[in-house]
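Biologist: I should like to understand how the terms used for a protein model are justified. May I put some questions to you about the model shown here?

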Amino acid sequence: MRGLRNFVDRIKPNFEKGAKFGWLHSTFDAFETFLFVPKDTTLRGSHIRDVNDTKRVMIVVVAALIPAMLFGMYNTGLQHFRAVADVAAAYSIWECFWYGFLRVLPLILVSYIVGLGIEFIFAQVRGHEVNEGYLVSGMLIPLIMPVDVPLWMLALAVAFAVIIGKEVFGGTGMNIFNPALLARAFVFFAYTPFISGDKVWISGMLKGEAVDGFSGATPLTTASESGLGGGALDLGGYSAWDMFVGIIPGSIGETSVIAILLGAALLLFTGVASWRIMLSVFAGGYLMGLLFNAIGADSYMQMPAYYHLIMGGFAFGAVFMATDPVTASQTNTGKVICGLLIGAIAVLTRVINPGYPEGMMLAILFINALAPLVDHYVVQANVRRRNARLKKVNV
């Protein structure tokens, strides 16, 4: 590392403002601070500093996403071979993983190339430092997409998320909505058949490679379609264990609750994510599920409440989306309130709205907009309590 540090220090003067390559100052600074902790010192005021700057926090989140990404690659291959041959046991774990790796890697590359390209352009034009937030968004966006989403469509979604979701608000730390969810919302509303149909979740289904009679629908979709209106509940033949492990159709990184919980453990251990938000999202979803169990108007409402926590993108959203430190509530009480609302609204949307079986995306985006208002009332309530105590003391 010392040799690399010396090399960077040697070429750094060429990228200072006013030097030969001064117009690339923001780009050079981004690479330097990615490799090494900045040496900046505080000139006035008192500050507490450590090595955990924004880039290091973002890298921890990316590391937490790796289990979901790796399992998503394996499951992509597994679901493909099940669809085309209907005999998954004939293919090894390595064959399934390699097929999924080749299908998922282009999505990740497009996400980072387009997103970081836009980030660098905006930084150069503004003369600012490159924002670090896209290190996480660049990984999140492919993981919440169907594996068969066209690359050009993914590129458009990334551009929309970065430009409209972040840059127009001032960049990382200023955005109101989670950029990754904005990318998914863009695809959902602009190109609905590519993200809401039965076949898009499995690689090759859109090309007609599946055997006859293989639907490719997710358990959440089949449960919604079959359970509403008095029909018998159908989960597509998948058990609760299948959904917990993740060997089901779905978005690339959202299927395995086990892999997601491994990432959650890292985020909680490092203190990067809030346990209050995670726990309250799961609690809100479970309580809403119990409420529908009590109503019991159809078989979907009678489905065990905990099924909602392991179906679709609920767990992934609770761990990686709802805990976004920029768009989430900033007060401890607000985190609990917003978490409960996200979980409850997600399950409510699933059960009440048959046209949108996955409610997690809209629930989080809605609470992103509501979080500042929740924080305002939490702070005002605290101010009123303190004023009341002060009056009692003065009396």
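Modeller: Please do, bearing in mind that this is a predicted model. We may begin with glutamate 119 and lysine 166, which form a salt bridge whose closest N and O atoms are 2.5 Å apart.

Biologist: Why is the pair of glutamate 119 and lysine 166 called a salt bridge?

Modeller: The term requires a side-chain nitrogen of Lys or Arg within 4 Å of a carboxyl oxygen of Asp or Glu. The closest N and O atoms of glutamate 119 and lysine 166 are 2.5 Å apart, so the pair meets the definition. In general, side chains of opposite charge can pair when their charged atoms come close.

Biologist: What makes this pair a tie between parts of the chain?

Modeller: Glutamate 119 belongs to helix α4, whereas lysine 166 is in the loop between α6 and α7, so the salt bridge ties together parts that are 47 residues apart in sequence. Both residues are buried.

Biologist: How many salt bridges does the structure hold?

Modeller: The structure holds three salt bridges. One of them joins the side chains of arginine 103 and aspartate 148, at 2.7 Å from N to O. This pair also links distant parts of the chain, with arginine 103 in helix α4 and aspartate 148 in the loop between α5 (134-143) and α6, 45 residues apart. Arginine 350 forms a salt bridge with glutamate 358, the closest N and O atoms being 3.2 Å apart; arginine 350 and glutamate 358 are buried.

Biologist: Why is aspartate 148 called buried, and why is arginine 103 called partly exposed?

Modeller: Buried means under 20% relative accessible area, and partly exposed lies between that limit and 50%. Aspartate 148 has 13% relative accessibility, which is under 20%, and therefore counts as buried. Arginine 103 has 27%, which falls between the two limits, and is therefore partly exposed.

Biologist: How do you know that serine 111 is buried?

Modeller: Serine 111 has 0% relative accessibility, which is under the 20% limit, so the residue counts as buried. Serine 111 lies in helix α4, and its contacts beyond four places in sequence include Tyr134, Ser137, Leu154 and Val158.

Biologist: Helix α4 also holds tyrosine 99. What makes the link between tyrosine 99 and histidine 80 a polar contact?

Modeller: The side chains of tyrosine 99 and histidine 80 are joined at 3.2 Å. A polar contact needs a pair of N or O atoms within 3.5 Å, one able to donate a hydrogen and the other to accept it, so the distance of 3.2 Å falls within the limit. Tyrosine 99 also touches Ser203, although tyrosine 99 and serine 203 are 104 residues apart in sequence; their C-alpha atoms are 9.7 Å apart in space.

Biologist: Why can phenylalanine 169 belong to a nonpolar surface patch?

Modeller: A patch residue must have over 30% relative accessible area and no salt bridge. Phenylalanine 169 has 32%, so the residue passes the area limit while counting as partly exposed. The patch, of about 500 Å², is made by Ile163, Ile164, Val168, Phe169, Met174 and Ile176. Phenylalanine 169 is in the loop between α6 (151-163) and α7 (179-190).

Biologist: Which residues have the most contacts inside the largest nonpolar core?

Modeller: They are Met145, Phe316 and Phe320, in a core of 100 residues. Helix α3 (residues 54-85) gives the largest share of this core, 11 residues.

Notes
Residues numbered from 1 in each chain as written. Predicted model: local features only at pLDDT ≥ 70, side-chain atom pairs only at ≥ 80, totals over all residues. Heavy atoms only, no water. Patch = residues over 30% accessible without salt bridge, like charges linked within 9 Å, V, L, I, M, F, W, Y side chains within 5 Å. Areas by Shrake-Rupley, 256 points an atom, 1.4 Å probe, with all protein chains shown as cover. Helix = DSSP H or I, 4+ residues; strand = E, 2+ residues; numbered from the N terminus. Buried < 20%, exposed > 50% of the residue type's maximum accessible area, 1.4 Å probe, protein only. Core = buried A, V, L, I, M, F, W, Y, C linked by side-chain atoms within 4.5 Å. Contact = heavy atoms within 4.5 Å.
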